[in-house]
Amino acid sequence: MKASSGALLAAVMAIAAVASTAVAKDYTVGGSYGWDTYIDYDKWTAGKTFIVGDTITFKYEPYHNVLEVPETDYDSCTASNPFSVHSGGNTTFELTDAGTRYFICSIPRHCLNGTMHVKVTTVPYSASAAAAAAAADAGPSAAPLPSAPADEQHKSMSPAAAPSTASSAPRYRQPAVAVAGLALAALVAMAA
Ligand SMILES: [Cu+2]
């Protein structure tokens, strides 16, 4: 029993070391450009793999803001019925579930003419998703190129809804911890 418990400990430590490479990541939206007008956020998200447990952080001048909105409002740059409204220059969202989330700036014309809209699609944790995320990190950084200013003919978007201080969900899942826990449970079952 003495020898096998030593082997068990070694195995658990090895698994923990592997699992630690899958720790959730934080992405700064827009990279070094941050959250601003005339940044192409489709180029920023291209090639990235956002995994449940990751976070995205918007960094912006205080005259901008961040609204999480429904898909249809994202498409039309409508700011009148957001899920949540954030300001202050530094806003982090936890990607707690798989699916696509939509974010805009509500300052008139910043979304519609100024490209301040981004959608982020999150996938469940898996080994292949983790590998894709790691590969994207290792590859050449795809800096979002500023896009050409849109013409000024577009109608301005509706004004922002009354500011609220809704915060994002408090849960923060760490997939690696879950993986290590499962592996440990399996090993304990085998050793018993
Ligand atoms: Cu703005």
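The following exchange asks how several descriptions of this predicted model are justified.

Me: What makes His 64, Cys 105 and His 110 the donors of the copper ion?
Reply: A donor atom has to lie within 2.8 Å of the metal, and ND1 of His 64, SG of Cys 105 and ND1 of His 110 coordinate the copper ion at 2.0 to 2.1 Å, so these atoms satisfy the cut-off. Along the sequence the donor residues follow the spacing H-x40-C-x4-H. His 64 lies in the loop between strand 3 and strand 4, whereas His 110 lies in the loop between strand 7 and strand 8, 46 residues apart, and the pair thus links distant parts of the chain.

Me: Why is His 110 called buried?
Reply: The term buried applies under 20% relative accessible area, and His 110 has a relative accessibility of 17%, so this residue counts as buried. His 64, at 2%, also counts as buried, and Cys 105 is buried with a value of 0%.

Me: How do you know that Cys 77 and Cys 111 form a disulfide?
Reply: The criterion is a pair of cysteine sulfur atoms within 2.5 Å, and the sulfur atoms of Cys 77 and Cys 111 are 2.0 Å apart, so the pair qualifies as a disulfide. By this rule the count comes to one disulfide.

Me: Why is this disulfide of Cys 77 and Cys 111 called left-handed?
Reply: The torsion about the S-S bond is about -70°, and the disulfide is therefore left-handed. Its two ends are buried, Cys 77 with a relative accessible area of 3% and Cys 111 with one of 0%.

Me: How do you know that strand 7 and strand 8 pair, and in which sense?
Reply: Pairing requires at least two bridges between the strands; strand 7 and strand 8 have six bridges, in the antiparallel sense, with Tyr 102 standing opposite Lys 119. Strand 2 is joined to strand 8 by two bridges and runs parallel to it, so this pair also meets the requirement; here Phe 50 has Thr 122 as its bridge partner.

Me: What makes the side chains of strand 8 alternate?
Reply: In a regular strand the side chains alternate between the two faces of the sheet. In strand 8, Val 118, Val 120 and Thr 122 point to one face and are buried, while His 117, Lys 119, Thr 121 and Val 123 point to the other and are not. Val 118 is also among the residues of the largest nonpolar core that touch the most other members, and its contacts include Val 29.

Terms used: Residues are numbered from 1 along each chain as its sequence is written. This is a predicted model: local features need pLDDT of at least 70, side-chain atom pairs count only at pLDDT 80 or more; totals for chains, interfaces and linings use all residues. Side-chain values use heavy atoms; hydrogens and water are left out. Buried means under 20% relative accessible area, exposed over 50%, partly exposed in between (1.4 Å probe, protein chains only). Helices (H or I, at least four residues) and strands (E, at least two) are DSSP runs, numbered from the N terminus. Donors are N, O and S atoms within 2.8 Å of the metal (3.2 Å for Na, K and Ca); water is not among the atoms, so sites may look incomplete. A nonpolar core is a set of buried Ala, Val, Leu, Ile, Met, Phe, Trp, Tyr and Cys residues joined through side-chain atoms within 4.5 Å. Contact means heavy atoms within 4.5 Å. Lists of a residue's contacts leave out its neighbours within four places in sequence.
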